[in-house]
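Colleague: Could you take one helix in this model and walk me through its surroundings? I'd like a close look at that one part, with a bit of context for the whole chain.

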Amino acid sequence: MGSGMTMIPQSQDRSALEQEQFLKILSREEAMARFEAALFPRAIPSETRKLADTLGAALAEDVTAPIDVPPFDRSNVDGFAVRSADLAAAGEGAPVRLALNGETIHCGTAPRMQVATGTATPIATGGPLPRGADAVVMVEHTQPAGPDGIDVRRAASPGQFVSYAGSDIARGEALLRAGTTIGSREIGMLAACGIAEVAVARKPRVAVISTGDELVQPGEMLAPAEIYDTNGAIVAAAIDENGGAAIFLGAIPDDEAKLEAAMRRALADADMLVLSGGTSKGAGDLSHRIIGRLGQPGIVAHGVALKPGKPLCLAVCDGKPVVILPGFPTSAMFTFHDMIVPVLRRMAGLPPRSDAKVSATVPVRIASELGRTEFVMVSLVEGRDGMIAYPSGKGSGAITSFAQADGFLRIDALADQMPAGTEAEVTLFTPHVRVPDLVIVGSHCTGLDLVTAQLAHAGLTVRSIAVGSLGGLAAAKRGECDLAPIHLFDDRTETYNTPYLVEGLELVPGWRRMQGIVFRKGDKRFEGLGAKDAVAAALTDPACIMVNRNQGAGTRILIDRLLAGARPEGYWNQPRSHNAVAAAVAQHRADWGMTIAPVADAVGLGFIPLAEEHYDFALVTARKQRPAVQAFLDALGSNEARAALERAGFRPA
Ligand code: AMP
Ligand code: MG
């Protein structure tokens, strides 16, 4: 596709200048303001629903109590309806005798007789107070006096044990306000007033379309270069979570005519349309072009200073919001929760989400790009005083980072960083986050899952956050985790881990894992050699490409030692995990690298052992007695876990 100017269709009646402004990147705030200005104020369509069908809906109008609740003066206890003045002189030593009237007032019985001076009428809890009575005495505070009388040994104040008419809800009082989300409590209040149906905001019908030739629906087979449509499912669910009724229309290929037809069909039927993908301004990115033909005013923002999420496109077509979310699922979710949910909830007559925001402290400095509002995925853990939000999973393509993330925080466009210790507002992906029972922060190992599996089966939630050994130690020192898995070699003492412990931390031995060189089986350059010779041979072959590891990884220290200053082809390819190294070699992007034996075995690679590494746990002593920590220690020592570790190629300590 050519420049911005050549993109403008001649038939468009808007001037080129006007069109140009939509190619300008807007700030998040400006984009939001334009979107809201084009949509609001607007009437919220409502519908009348039976009480039982209103759960979770937003009340469309104020409800005024049509009756008093209770509707009559009512007894709160089982006892006798009396005139309090009769009992003014009653006491332990001076019982007052009252004559019983000839009726008993049960629930649902309307009294017929008056309580005259010197008399009492038996009354049950919930029974209506008879004329003449102004108080109730409890049956426990009376004694029978013959068949037709009682002795009362206590005085009664006027109104004692009586609920007056309207004392709970008064007729004409505002019972519930418009916009209230209806829960069981609200349903109870309406039922108490005899209201059988109420007007609630009609759920906005939101059509969801995924776009892209590469998309396949879950349940179908993937062909080469195809991926599963993630956004369709996740966006539809998030719409339902926020008061909308999602209508998922599937994935449409990058074909202008097909996409336009689908968008027109969607808008004919729905109140709102959410697409994803196809917003980068490359070939095949069509949806934003089509929007211009669907209604006025059309696109109000295309390109927002967000990271990730820059290609977000916001439009309004004849009163209906049309949104194109970025294709990457995480970018789609950030922008959806941050900018689309508020609009959707407003259309649904719901208040802004309050159950989906928490305040948490950021334990580390987060660098950020100046000029763009940055979204950072975070995992929440319980700190010494309040919640801690760990940044996780940077990079907009990582759907897996959702698994460990509870939500995200936002760094202002004008900030180039968020300093450590900042109290930030976290938007939760799902309301009511459950803080994990056990928090493990440090180096990741596939063996860890084999131990924590037992905890999960026992109903304990475990959060493990991979930040490397040194990051884990720092978190443990700050008391932000229970355990920090580490594998740190100390050159001076030639031992692992122990020299790195400080006051307040103790070592729990974990397991040993063999580090070594991986290569494709049958590669003559490596087969049969020792690690040192294999690397030496690789260095003499200029066609041989390595895959390295990231700075700070324990494995990287071993590689750099072996290379002794050499920088062979592939050195700057520095993935962050054992698995990525194995994948690079298995898929021929590299010929050798260093990883751990179980990972090499799992992919069927050749392996030359180099050194056995100690993967242990720094335990925060102050947290040792926590039940989840004890459960972890039990699991670690169990025969079951030890056997599983051995089967996977680890050697339990
Ligand atoms: P696009 O904006 O269409 O260029 O998409 C950007 C990236 O997001 C590409 O890698 C797409 O394959 C990916 N993507 C787009 N739509 C989806 C979807 N519905 N589910 C998963 N990934 C998607
Ligand atoms: Mg696409």
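Modeller: Here is a look at helix H17, followed by a residue from a neighbouring loop and then the chain as a whole. Bear in mind that this is a predicted model, where local features need pLDDT of at least 70, side-chain atom pairs count only at pLDDT 80 or more, and totals for chains, interfaces and linings use all residues. Residues are numbered from 1 along each chain as its sequence is written, chains are lettered from A and ligands numbered from 1 in the order in which they are written, and side-chain values use heavy atoms, with hydrogens and water left out.

H17 spans residues 639–647, and its buried residues are Ala641, Ala644 and Leu645. They cover an arc of only 100° around the axis, so they sit on the same side of H17; that arc is taken from the directions from the helix axis to the C-beta atoms. Asn639, Glu646 and Arg647 are the exposed residues on the face turned away from that buried side. Buried here means under 20% relative accessible area, exposed over 50%, and partly exposed in between (1.4 Å probe, protein chains only). Helices (H or I, at least four residues) and strands (E, at least two) are DSSP runs, numbered from the N terminus.

What do the buried residues of H17 pack against? Their partners are helices H10 (446–457) and H16 (627–637), plus strands S34 (505–519) and S38 (651–652). After H17 comes Gly649, with a positive phi near 100°.

Now for the loop between strand S29 (438–442) and H10, where you'll find Cys445. Cys445 counts as buried, at 0% relative accessibility. Leaving aside neighbours within four places in sequence, Cys445 is in contact (heavy atoms within 4.5 Å) with Trp511, Arg513, Tyr615 and Phe650. The C-alpha atoms of Cys445 and Val599 are 9.9 Å apart, although 154 residues separate the two along the chain.

Zooming out, the protein chain has 17 helices and 38 strands. Its radius of gyration is 35 Å, well over the 26 Å that the globule rule gives for 653 residues, so the chain is more spread out than a compact globule. That radius is taken over C-alpha atoms, and the rule is 2.2 Å times the number of residues to the power 0.38. The C-alpha atoms fill a box of roughly 115 × 75 × 45 Å along the principal axes. Of the 653 residues, 48% count as buried.
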